[in-house]
Amino acid sequence: MESLYVQDDYRGLGLGETLLGNAIAWMDEMGAHTKSVSVAVGNEKAFSFYERFGFYPRKTLLEQIK
């Protein structure tokens, strides 16, 4: 899955949970052993959402872009 975004007007309705839950279930059915999520700097509030699905920060990636 490339990206998950729920427009502000629709947050709190469980749409994100449904989308991510279905994606995780599909990945499990396909035999995925490891799943990872990238969260952009400035969107750390998303951590609590992903933690509900068992995702926790494991590393910090620093990039230099020229």
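Mentor: Quick definition before we dig in: a residue is exposed at over 50% relative accessible area, buried at under 20%, and partly exposed in between. Keep in mind, too, that this is a predicted model.

Trainee: Got it. Is R52 buried or exposed?

Mentor: The cut-off for exposed is over 50% relative accessible area. R52 comes in at 53%, so it lands in that class: exposed.

Trainee: Which residue does R52 meet in a salt bridge?

Mentor: The partner sits in helix α1, while R52 is in the segment after α2, so the pair ties together parts that are 35 residues apart in sequence. That partner is partly exposed, because its relative accessibility is 33%. The N to O distance in this bridge is 2.7 Å, and the residue that R52 meets is E17.

Trainee: How many salt bridges does a search of the whole structure find?

Mentor: Besides the pair with R52, D8 bridges to R11, with the closest N and O atoms 2.9 Å apart. D28 also has a bridge, to K35, where the closest N and O atoms are 2.7 Å apart. Searching the whole structure gives a total of three.

Trainee: In the bridge between D8 and R11, which residue counts as partly exposed?

Mentor: D8 has a relative accessible area of 53%, so D8 is exposed. The other partner has 40% relative accessibility, which means that the partly exposed one is R11.

Trainee: And in the pair of D28 and K35, what is the relative accessibility of K35?

Mentor: D28 is partly exposed because its value is 44%. K35 falls in that class as well, with a relative accessibility of 25%.

Trainee: Let's go inside. Which helix gives the largest share of the largest nonpolar core?

Mentor: That core has six residues: L20, I24, A46, F49, Y50 and F55. Two helices, α1 (15-29) and α2 (46-51), each put in at least two of them. Three residues make up the largest share, and they come from α2.

Trainee: Which residues does I24 touch, leaving out those up to four places away in sequence?

Mentor: I24 is itself one of the core residues. One residue it touches is K35, which is also the salt-bridge partner of D28. With the sequence neighbours left out, the full set is K35, F53 and F55.

Trainee: How are the rings of F49 and Y50 arranged?

Mentor: A ring pair is described by the distance of the centres and the angle of the planes. These two residues are both buried. Their ring centres are 5.0 Å apart with the planes at 75 degrees, and planes over 60 degrees apart count that way, so the pair is edge-to-face.

Trainee: What is the angle between the ring planes of Y50 and F55?

Mentor: Both residues are buried, and they belong to one aromatic cluster with F49 and F53. The ring centres of Y50 and F55 are 6.3 Å apart, and the pair is edge-to-face because the planes lie at 85 degrees.

Trainee: Back to the surface: how much accessible area does the nonpolar patch have together?

Mentor: One member of the patch, L15, lies in helix α1. L15 counts as partly exposed because its relative accessibility is 40%. Together with Y10 and L13, it makes a patch whose accessible area is about 320 Å².

Trainee: Last one: what percentage of the residues count as buried?

Mentor: The protein has two helices and zero strands. Its exposed area is about 6100 Å². Out of 66 residues, the share that counts as buried is 14%.

How values were computed: Residues numbered from 1 in each chain as written. Predicted model: local features only at pLDDT ≥ 70, side-chain atom pairs only at ≥ 80, totals over all residues. Heavy atoms only, no water. Core = buried A, V, L, I, M, F, W, Y, C linked by side-chain atoms within 4.5 Å. Buried < 20%, exposed > 50% of the residue type's maximum accessible area, 1.4 Å probe, protein only. Helix = DSSP H or I, 4+ residues; strand = E, 2+ residues; numbered from the N terminus. Contact = heavy atoms within 4.5 Å. Patch = residues over 30% accessible without salt bridge, like charges linked within 9 Å, V, L, I, M, F, W, Y side chains within 5 Å. Areas by Shrake-Rupley, 256 points an atom, 1.4 Å probe, with all protein chains shown as cover. Salt bridge = Lys/Arg side-chain N within 4 Å of Asp/Glu carboxyl O. Phe/Tyr/Trp six-rings, centres within 6.5 Å; stacked < 30°, edge-to-face > 60°.
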